Amino acid sequence: MRHVIIGASFAALNAAKAILSNESDDEVVVLSKEKDAPYYRPLISYLLMGKTTEEKMRMSFPESVKIILGTEAERIDTKKKEVIASNGKRYKYDRLLISTGSRPFVPPFKGLDRVSDEIKTTFMTLEDARKLNGMLDKDKRVLIIGSGLIGLKSAEAILERVKSVDVIDLQNRILPAVLDEVSSEYLKKYLEAKGMRFHLGLSVDEFSEKSARLTDNSTLDFDILVLAVGVRANTSLFEEIGGKTGRGILIDTHSRTSIPNIYAAGDVTESMDISSMASKPIQIVPNAAFQGETAGMNMAGIEKTFENAVPMNATGFFSLHLITAGTYKGELLDLSDENGLRRFYIENDELKGFILTESAIERGGIYTSLIRDRVKLSTLDKNIFKAPLLMAFPKERREKIEKEAQ
Amino acid sequence: MSGINYLFPEYEVKRDYDRCIACRVCERQCANEVHHFDDKRGKMVSDDTKCVCCQRCVSLCPTRALKIVKTDNTFKTNANWRENMITNIYRQADTGGVLLASMGTPKEYPVYFDKMLINASQVTNPSIDPLREPMETRVFLGSKETKIIRDSDGRIVPHLNQHIELSTPIMFSAMSYGSISYNAHRALAMAAEELGTFYNTGEGGLHEDFYKYGKNTIVQVASGRFGVKPEYLEAGAALEIKMGQGAKPGIGGHLPGAKIVGDVSRTRMIPEGSDAISPAPHHDIYSIEDLRQLIFALKEATDYKKPVIVKVAAVHNIAAIASGIARSGADIISIDGFRGGTGAAPAAIRDNVGIPMELALASVDKRLRDEGIRNNVSLVVGGSIRSSADIVKAIALGADAVYIATSALIALGCHLCRTCHLGRCNWGIATQRPDLVKRLNPNIGKERLVNLINAWTNEIKEIMGGMGINSIEALKGNRAMLRGIGLNEKELEILGIKHAGE
Amino acid sequence: MKRVYINEEWCLGCHLCEYNCFLSNSKESDMVLACMGKNIKSNLHIEDSGDIHFAFNCRHCKDPICIKACISGALHKEGEVVVIDKEKCVFCGSCILVCPYGALMESESGVMQKCELCISSGGVPKCVEGCPNGALVFEER
């Protein structure tokens, strides 16, 4: 059987591994539009900080996987079961995985074309990182549009290498997709203390060559512009063949799309978040890995489902580490102290979400498992939120998770 | 009372701060709360006044940063008024109480085992190599038939009275569940089973979990009759009537109500929190005749299938007492010497009452032989058997087997700190505190006990082989194999041995 | 596979395993040198609650989510053992976020550390070897 995978990141890697884990002699072909060999994408900000190297960032696929670089999939022929690629070749498939990820979304700002390409960039790929790296200089002022993860991670990465970093966001708080209001403010204060400047609730009215006029009529001058407003799922390939999409390709728990023999996984998809019971894009590494693996197993003919997707994030800025999971609804239990934030959201006797920072992140995965397994909190020791201890679990749950490891 | 603390800590905890990593293992392991981490000074400190010198912290310290030393604080030297005499007076003047003590007496009395030497073969009689030739350590305890019965064809009809069979002449002596922990009992029971010998319930009854070890269990009936019921008597391989204990002859026992909790209370068949009082005498035994009644009551209750042991403390007229017991229907006499251990006893009694096991044994064995009733009973001795050599000497003096308890506890980790009566045994032995009891993993404990007994048994074989003796039976009462060293005429006479060089 | 298991019944909460673990993963051969003045970060934890104690370390899951969540490829398997390449780790915290056992933690050098069953020194993990009461065992279950 021949499997074609479009895209070469986490979903693709885990799918390829899953397909080949069954010791079949199935063929796996990966098409990547990037010229660079597959790499661990989230590391691009760490690369700028010198915490990793391009060498270390390389993502290795199983040996038998055929990776075709610099080749974009342009069209899918579902009748012939072929992918028509930018190199003019047609790749026949028995099963197809679309893991094309997402692309930066750049709103049509007035005057954006006046800003030379030499001094503006998005921050999504290794190529972007190299470009930004080339621009950095001690006397440069940087303007970042967007205070999401991409915006802030790029800000962190370059802060100490430039003169100043200004971040603007239409929202009135930073990292709104990941944090609640209190933790947003907490992080903002921390980053401000490090030297970042935030301009919130504002957008750009108009760009000129090296300056932006904001919606409050103030202007910000810059030498480097980073566009990090948001991302959009790369669904067009799939939409063209009539596949069902929302904000991403709609998939079921088997990572199947609406079209037979076509699977999708990773940032390109939209799936069910069990903490909010809403269908949404969950654009995080673990989700891509789970969905990719699930797709790969099913593509290889072995039934597997992934049913408990939960949005979660682990990130850090300088020495402030944060882990968050789930949704922030229900009753708030705030146990924050000098060791960091410990904010828990509880509804119907279940943990729905949490935000932990600094040393309070320790063993936080125990909380994530409570969300993912939808554990009834009344079955646990009440002290579970003071410290994440397995001891808080009844023996049966401890034995259950012990078994799950095996 | 006066505000002056007359008592200076007897031991000092010495911590090498070049080695202490403040891991706090000592703090977590000390039930006496000697150690703690001082936030102000940023280091571990200890309170010597609480230290009982059990060595738990020393043993567990991962950097060997701790040692415990005897204080060098010195009272004015006085050969008569020694320090412990003086401090005991301070203690009693403070409290008005009887001084309690645990384990065997630490006083310097002569240890006759250390004044006897064992013979070996040279030239005229060959020694035996136990690695090459069979060596019999099996022992049968019970009364021996003296008459030979033959059938009509003249063949000997084999006959054995009620007895127990030991693979080696070593048994674990009575320690009650209550005085020692569940896990200590379990370790003893498992070890006895694996070794093919016996352990003894003591007077605290038999925990329901341990009935399965019955064929390796001696069940005790003491003056308090705790836990005695038909199933209990049925469960054991032998029954032991405890008349006395070497560490505290003439007095009973008292396990405080605080220790009578949960399983201990159920096993003893007394209400939780009530003091377990063993009367000094059995109130139904005032004579050998009375004793005989109890022996036969027990035999009747168990269908004459199990041997009955009578355990007595070694006291002045032990020979006459043993002679009476040997005629009372008992199958085995157990003699407990005054150096034997206890979970709690008045110090004044433990340190001053009774006689040494070696002398008691020698005189009892002689008396029974003189009276022609030695085969009526087997003799088991206990009261500080410390090594395989002690066992060989005891058997040569006339014992059939020995009882060990202190040695067994030492194998389990006991460091003889002699504070069993406080109930805070850091080694999980003499305590009922669940957090302390779990420190003794019975699987490890069993292994250690089995190792000890196997090691001693091998040594016994070596020593016997050296004498050209290949069975315990041939060593028993073989006093020609012993010589005294540094003993006077009277002592040699009682022991029935010659002096070295004779 | 052989894993480290705790027999809760025999765990004393002495925490010696944590120190033996720390020593084993340090470059020192002596406990004093390894631990003196250090912030002890071991790869297994003792949880204490009153008289109940037990140790927990990486379960070396058959299907480890930490590896799936790792954004740098630092976590991977060596045979059946989940190990971390500290050179690759950037301490993003993703593995902390997903591990339901709480088995990974920040090391002194600011990257992640975890139990690797002492595979580099071979034989029995040092936590098990040094357990004074046979509470920790290394066995197939």
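**Figure 1. Charged side chains and overall build of chain B in the predicted model.** Chain B carries 61 positive and 56 negative side chains, and the centres of these two sets lie 3 Å apart. The accessible surface on which chain B meets its surroundings comes to about 22400 Å², and 51% of that area belongs to carbon and sulfur atoms. The secondary structure of chain B consists of 16 helices and 21 strands. Its radius of gyration is 24 Å, close to the 23 Å that the globule rule gives for 502 residues, so chain B is as compact as a globular protein of that length. The C-alpha trace of chain B spans about 90 × 60 × 45 Å along its principal axes, and 52% of the 502 residues in the chain are buried. Among contacts in chain B between residues at least 6 apart in sequence, 68% join residues that are at least 24 apart.

**Figure 2. The two assigned domains of chain B.** The domain assignment of chain B gives domain 1 as residues 11-97, whereas domain 2 is made up of two segments, 139-146 and 168-499. Taken over C-alpha atoms, the centres of domain 1 of chain B and domain 2 of chain B are separated by 33 Å. Where these domains meet, 11 residues of domain 1 of chain B are in contact with 10 residues of domain 2 of chain B.

**Figure 3. Close-up of the loop that holds B:Gly329.** B:Gly329 is found between α8 (318-326) and β16 (332-336) of chain B, in the loop that links these two elements. When its neighbours within four places in sequence are left aside, B:Gly329 is in contact with B:Arg292, B:Ile295, B:Phe296 and B:Lys299. Another residue that may be located in this view is B:Val310, which is 19 residues away from B:Gly329 along the chain, with 9.8 Å between the two C-alpha atoms.

**Figure 4. Helix α1 of chain C and the elements packed around its buried residues.** Of the 10 residues in helix α1 (residues 16-25) of chain C, 8 are buried, so this helix is largely enclosed by the rest of the structure. The buried residues of α1(C) are C:Leu16, C:Cys17, C:Glu18, C:Tyr19, C:Asn20, C:Cys21, C:Phe22 and C:Leu23. They pack against elements of two chains: from chain B there are α1 (25-29) and α2 (56-60), and from chain C there are α2 (31-35), β2 (44-49), α5 (126-129) and β8 (136-140).

**Figure 5. Chain C as a whole.** Chain C has 5 helices and 8 strands, which follow one another from the N terminus in the order β-α-α-β-β-α-β-β-α-β-β-α-β. The radius of gyration of chain C is 15 Å, close to the 14 Å that the globule rule gives for 141 residues, so the chain is as compact as a globular protein of that length. Along its principal axes, the C-alpha trace of chain C spans about 40 × 35 × 30 Å, and buried residues make up 62% of the 141 residues in this chain. The mean positions of the 14 positive and 19 negative charges of chain C are 6 Å apart.

**Figure 6. Domains of chain A and the place of chain A among the chains.** The domain assignment of chain A gives domain 1 (2-103 + 232-299), domain 2 (112-229) and domain 3 (319-405). The contact between domain 1 of chain A and domain 3 of chain A takes 7 residues from each of them, and the centres of these two domains, taken over C-alpha atoms, are separated by 31 Å. Of the 2 pairs of chains in contact, chains A and C share the most contacts, whereas no contact joins chain A and chain B, whose closest C-alpha atoms lie 17 Å apart.

**Figure 7. Close-up of A:Thr379 in its loop.** A:Thr379 has its place in the loop between α9 (365-372) and α10 (395-405) of chain A. With a relative accessibility of 43%, A:Thr379 counts as partly exposed. A:Ile251 lies 128 residues from A:Thr379 in sequence, and the distance between the two in space is 33 Å, C-alpha to C-alpha.

Notes: Residues numbered from 1 in each chain as written. Chains lettered and ligands numbered in written order. Predicted model: local features only at pLDDT ≥ 70, side-chain atom pairs only at ≥ 80, totals over all residues. Heavy atoms only, no water. Domains from an automatic or database assignment. Contact = heavy atoms within 4.5 Å. Helix = DSSP H or I, 4+ residues; strand = E, 2+ residues; numbered from the N terminus. Buried < 20%, exposed > 50% of the residue type's maximum accessible area, 1.4 Å probe, protein only. Rg over C-alpha atoms; globule rule 2.2 N^0.38 Å. Areas by Shrake-Rupley, 256 points an atom, 1.4 Å probe, with all protein chains shown as cover. Lys, Arg positive; Asp, Glu negative; His and termini not counted. Charge placed at Lys NZ, Arg CZ, Asp CG, Glu CD.
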